[in-house]
Amino acid sequence: MTEQVINRLKDPENITETEQKHVPVIESDDVMTAEGKFKVTVTLGEVPHVMQDDHYIEWIELYLGKTKIGRVELSPSDEKAEAIFTVEPTEEIVGIRAYEICHIRGVNVCGDCGTKAVIMKLKALASCNVHGLWESSKQVEIMSKKVGEGKECRWHA
């Protein structure tokens, strides 16, 4: 079995017509709080993708880091190539991600309250029945709900 090529935006300054219709557009809050619920909308293309019997978006998936949030199956009868997901980041995600990156790049820690924040990627993957797989991502900041004691991360010291 051969692996399918994943298409991405190649040059943001020179977006092709095919890219305009196929690169997933992720709409979400830039900052999310652990234990909260956040709506994320993924639409296919800055120019709406057609939904016809011979050319349509088959499905859209959303990931937070490596965790799959969900998959929405679509069909030619759908009005538009769009999916709405609910992202619920957890304290565990913040803790694990903070541990993974702290010794390399550091973690944002508020000097006043000690609250941790990590940067993660929302990744959208979609399948067009004619043009294959398309992917894009967006960085979001996940803030811990736990307020610390106002000291820096001990891995930074």
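Is Glu-61 buried or exposed? Glu-61 is buried, at a relative accessible area of 5%, and yet its side chain meets that of Arg-71 in a salt bridge. Keep in mind that this is a predicted model. Below is a quick tour of the nonpolar core, strand 4 and its partners, the salt bridges, and a loop with a couple of residues worth a look.

**The nonpolar core**

- The largest nonpolar core counts 27 residues. Met-32, Val-40, Val-42, Ile-57, Ile-60, Leu-62 and Leu-122 have the most contacts inside it.
- Five elements are listed as giving two or more residues to this core: strand 4 (38–44), strand 5 (57–64), strand 7 (82–87), strand 9 (116–128) and strand 10 (132–143).
- The top contributor is strand 9, which puts in six residues.
- Take Ile-57 as a sample of who meets whom: leaving out residues up to four places away in sequence, Ile-57 touches Leu-44, His-49, Val-50, Met-51, Leu-74, Ser-75, Ala-81, Ala-126, Ser-127 and Cys-128.

**Strand 4 and its partners**

- Strand 4 is largely enclosed by the rest of the structure, because six of its seven residues are buried.
- One partner is strand 2 (residues 24–27), which runs antiparallel to strand 4 and is joined to it by four bridges. Within that pairing, Val-25 has Thr-43 of strand 4 as its bridge partner.
- Another partner is strand 7, again antiparallel, with six bridges to strand 4. Here Lys-39 is matched with Thr-86 in strand 7.
- Just ahead of strand 4, in the loop that follows strand 3 (31–33), sits Glu-35. Its phi is near 75°, a positive value in a residue that isn't glycine. Glu-35 counts as partly exposed, with 48% relative accessibility.

**Salt bridges**

- Side chains of opposite charge can pair when their charged atoms come close. In this model the count of salt bridges comes to eight.
- Glu-135 and Arg-8 are one such pair, with N to O at 2.7 Å. Glu-135 lies in strand 10 and Arg-8 in the loop between strand 1 (6–7) and helix 1 (17–22), so the bridge ties together parts that are 127 residues apart in sequence.
- The two ends of that pair sit in unlike surroundings: Glu-135 is buried, at 12% relative accessible area, whereas Arg-8 is partly exposed, at 40%.
- Which residue does Lys-21 form a salt bridge with? The partner is Glu-17, and the closest N and O atoms are 3.2 Å apart. Both belong to helix 1, and being four residues apart there puts about one helical turn between them.
- On that helix, Lys-21 is partly exposed at 30% relative accessibility, while Glu-17 is exposed at 55%.
- Back to the opening pair: Glu-61 and Arg-71 meet at 3.0 Å, N to O. Glu-61 belongs to strand 5 and Arg-71 to strand 6 (residues 67–73), so this bridge links parts 10 residues apart in sequence.
- Arg-71 is partly exposed, at 38% relative accessibility, in contrast to the buried Glu-61.
- This pair doesn't stand alone, since salt bridges with shared partners join Glu-61, Lys-68, Arg-71 and Glu-73 into one network.

**The loop between strands 4 and 5**

- His-55 is found in the loop between strand 4 and strand 5. It counts as buried, though at 19% relative accessibility it sits just inside the cut-off of under 20%.
- The side chain of His-55 makes a polar contact of 3.2 Å with that of His-49.
- Beyond residues up to four places away in sequence, His-55 touches His-22, His-49, Val-50, Cys-128, Asn-129, Val-130 and His-131. His-49 and Val-50 are also among the residues that Ile-57 touches, and so is Cys-128.
- Asp-53 is in that loop too, but it is exposed, with a relative accessible area of 69%.
- What does Asp-53 contact, leaving aside its neighbours within four places in sequence? The answer is Pro-76 and Asn-129.
- Asp-53 and Pro-76 are 23 residues apart in sequence, and their C-alpha atoms are 5.2 Å apart in space.

Notes: Residues are numbered from 1 along each chain as its sequence is written. This is a predicted model: local features need pLDDT of at least 70, side-chain atom pairs count only at pLDDT 80 or more; totals for chains, interfaces and linings use all residues. Side-chain values use heavy atoms; hydrogens and water are left out. A nonpolar core is a set of buried Ala, Val, Leu, Ile, Met, Phe, Trp, Tyr and Cys residues joined through side-chain atoms within 4.5 Å. Buried means under 20% relative accessible area, exposed over 50%, partly exposed in between (1.4 Å probe, protein chains only). Contact means heavy atoms within 4.5 Å. A salt bridge is a side-chain nitrogen of Lys or Arg within 4 Å of a carboxyl oxygen of Asp or Glu. Two strands pair if DSSP finds at least two bridges between them. A polar contact is a pair of N or O atoms within 3.5 Å; within protein, one must be able to donate a hydrogen and the other to accept it, and residues adjacent in sequence count only if both atoms are side-chain atoms.
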